[in-house]
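Let's take a walk through a protein model together. Have the sequence and the 3D view ready, and follow along at your own pace.

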Amino acid sequence: MSHPALSPLPKGWFHHGEQILALLEQHRPMVVVELGTHFGASAIAIARVLRAWHGTLYCVDTWYGKPQPGRPRTPIKLATCAQHLIVADVAAAVRLIVAETVAAGRAWQGPPIDALYVDADHREAGCLADLETW
């Protein structure tokens with residue numbers, strides 16, 4: 001049986017969601033930072049769990065999509081993500097930060113982080129940079 005926070009979700013990836021949500025419920029973090037949000041599938045599931053104890057999810061992403069020559073790097077996917085959060089009724093528990101993850105980590109002045117979910121740059125070097133920075 002799947003966790004109720006996993007249904008329904010917009011198109012996206014959160015294949016290990018059961019394990020992540022179980023950890024959140026076990027430790028009950030108040031401040032979670034998600035690096036890499038895309039269309040918000042994982043953010044919705046995480047926010048649904050966090051709201052049980054009034055936690056907050058900070059989502060860091062560029063929302064650029066795949067880089068294409070000649071196309072400016074603008075957050076073209078941000079509106080879709082925000083709309084998904086609103087429709088799922090979790091927007092009040094989520095803060096969106098439009099930035100590259102390492103730059104956001106260096107500039108972080110938010111509250112102390114209780115849990116960090118790293119799902120942005122999937123290359124080894126990118127994951128290590130996120131972990132070292134955050």
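We will look at one helix and then at a group of aromatic rings. Keep in mind that this model is predicted.

Start with helix α1, which spans residues 17-27. Which of its residues are buried? They are Gly17, Ile20, Leu21 and Leu24. Around the helix axis these residues cover an arc of only 95°, so they sit on the same side of α1. Now turn the helix over: the face pointing away from that buried side carries the exposed residues Gln19, Gln26 and His27.

What covers the buried residues of α1? The cover includes β1 (31-35), α2 (41-50) and β4. Before you leave the helix, look just past its end, where arginine 28 takes a positive phi of about 50°.

Next, the aromatic rings. A search of the whole structure turns up three aromatic pairs. In one of them, tyrosine 58 and tryptophan 108 meet edge-to-face, with 5.0 Å from centre to centre and 85° between the planes. Tyrosine 58 belongs to strand β2 (residues 56-61), while tryptophan 108 lies in the loop between α4 (101-107) and β4 (115-118), so this pair ties together parts that are 50 residues apart in sequence.

Are these two partners buried or exposed? Tyrosine 58 has a relative accessibility of 16%, and residues under 20% count as buried, so tyrosine 58 is buried. Tryptophan 108, with a relative accessible area of 21%, is partly exposed. To finish, find Trp134 as well: Tyr58, Trp108 and Trp134 form one aromatic cluster.

How values were computed:
Residues numbered from 1 in each chain as written. Predicted model: local features only at pLDDT ≥ 70, side-chain atom pairs only at ≥ 80, totals over all residues. Heavy atoms only, no water. Phe/Tyr/Trp six-rings, centres within 6.5 Å; stacked < 30°, edge-to-face > 60°. Helix = DSSP H or I, 4+ residues; strand = E, 2+ residues; numbered from the N terminus. Buried < 20%, exposed > 50% of the residue type's maximum accessible area, 1.4 Å probe, protein only. Arc of directions from axis to C-beta. Contact = heavy atoms within 4.5 Å.
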